[in-house]
Amino acid sequence: MRYEGAIYRPPSEARSYILQATIGCSWNQCVYCAMYREKTFRLRALEEVLADIDAAALATPAMEKVFVADGDALVMPLAHWEPILERLARRFPRLRQVSSYAMAWNVLDKTDEELRRLRELGLSLIYLGPESGDEPTLRRIAKSPLTALPGDGREGAPIFDAHVQAAQRAREAGMKTSAIFLLGAGGVERSGAHAAGSAALATAMNPDYLAALTLTVVPGTPLADRVDEGRFALPDQAGLLGELRTFVAEARPKDALFRTNHASNYLPLAGRLPQDGARMAEIIDAALAGGVRLRPEWARGL
Ligand code: SF4
């Protein structure tokens, strides 16, 4: 199996075969993100990807889950997705899940028929990362090309709505969805609005899975420049826990599995939302009062 550059995947894909079908992220502009800055986005040659699948199947024929990388692999056209999904199904007889990261516009740029076709062929879960539901925060972190394509009719479209539509269209095609939010993305200035807006977007997206990560300011990113210039300040630990508390107390999806098990978080939580929201809020209150051990800084990761 050949990989180019660093590979990222959600924590829940730790036991999956990671298939690198694209290199980098087709957007690559989110101001906090350093994951693919050294990569120029491209589709990997199809024959290379299919050869990787064949090699992986020889090594791990009983694999049940595949995560298709890199940053927004759903952007691939059907001409790539179809042979990849067909080959995965043929080579891994026990396959039960294929997933990828997706930006909202990757979903919106596909027709309902294309989304249904992807689901039929095995793409069963997409990870959408709106990071925030607060529109000013979404625009400040440059979360979407919807803000940056003047003249295509979408430049003023609310990014909040785009994520709701993307989640709805993926669900209607039969896919499961996971939505990821980023504590601290609004900075100190929009902390409260970011937390409340994120809970509102989690409710409106109504995903099957929800996750919260904690923002880390990475040197070399535009966000780090803003910090240096005094234009952005990350909330302190109590502020970040306060955002998490607002989120678990206010998010009302129908029934979503919620986790904060990512290494960036101070407080690992797991439960279902909305059912376990009050219980998780109590744990956060105990942590804010000093009664729960938090992950130390040295143990946190991106
Ligand atoms: S869409 Fe994801 S991978 Fe791409 S720049 Fe934004 S955070 Fe990074």
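**Close-up views of loops, sheet, ligand shell and helix pairs**

**View A. Pro274 sits in the loop between strand 10 and helix 10.** Helices (H or I, at least four residues) and strands (E, at least two) are DSSP runs numbered from the N terminus. This is a predicted model, in which local features need pLDDT of at least 70 and side-chain atom pairs pLDDT 80 or more, while totals for chains, interfaces and linings use all residues. Residues are numbered from 1 along each chain as its sequence is written. Look at the bond just before the proline: Leu273 and Pro274 are joined by a cis peptide bond, with omega about 15°.

**View B. A second cis peptide bond view shows Ala69 and Asp70.** Omega is about 10° for this bond. Asp70 belongs to the loop between strand 4 (65-69) and helix 2.

**View C. Eight strands form an open sheet with mixed pairing.** Reading across, the strand order is 1-4-5-6-7-8-9-10; strands pair if DSSP finds at least two bridges between them. At the edges you will find strand 1 (17-20) and strand 10 (270-273), each of which pairs on one side only. From one strand to the next, the twist averages 25°.

**View D. Strand 7 (residues 176-183) and strand 8 (residues 209-214) run as a parallel pair.** Six bridges link them, and Ser178 is a handy place to start, as it stands opposite Tyr209 in strand 8. Two helices lie across strands in this region of the figure. Helix 6 (residues 159-172) lies across strand 6 (123-131) and strand 7, at about 170° to strand 6. Helix 7 (residues 191-205) lies across strand 6, strand 7 and strand 8, and runs at about 180° to strand 7. Angles run from 0 to 180 degrees between N-to-C directions, and axes are lines fitted to C-alpha atoms, for helices over the stretch in contact.

**View E. Twelve names to find around the ligand: Cys25, Trp27, Asn28, Gln29, Cys30, Cys33, Met35, Tyr36, Gly71, Asp72, Met103 and Gly129.** Each has its C-beta atom, placed from the backbone, within 6 Å of the ligand. By class, this shell has seven nonpolar, four polar and one charged residues (Ala, Val, Leu, Ile, Met, Phe, Trp, Tyr, Cys and Pro count as nonpolar; Asp, Glu, Lys and Arg as charged; the others, Gly among them, as polar). Asn28 is worth a pause: its phi is near 60°, a positive value in a residue other than glycine. Asn28 lies in the loop between strand 2 (22-23) and strand 3 (42-43).

**View F. Helix 2 (residues 78-91) meets helix 4 (residues 112-121).** Their axes come within 9 Å and cross at roughly 15°, so helix 2 and helix 4 are roughly parallel (under 35 degrees; over 145 is roughly antiparallel, 65 to 115 roughly perpendicular and the rest oblique). The contact (C-beta atoms, placed from the backbone, within 7 Å) uses Leu78, Trp81, Glu82, Leu85 and Glu86 of helix 2 and Glu114, Arg117, Leu118 and Leu121 of helix 4. Five of these residues are nonpolar, none polar and four charged.

**View G. Helix 9 (residues 237-250) meets helix 10 (residues 277-288).** Here the axes come within 8 Å and cross at roughly 165°, which means helix 9 is roughly antiparallel to helix 10. From helix 9 come Ala238, Leu241, Leu244, Arg245, Val248 and Ala249, and from helix 10 come Gly277, Met280, Ala281, Ile284, Ala287 and Leu288. This contact has 10 nonpolar, one polar and one charged residues.
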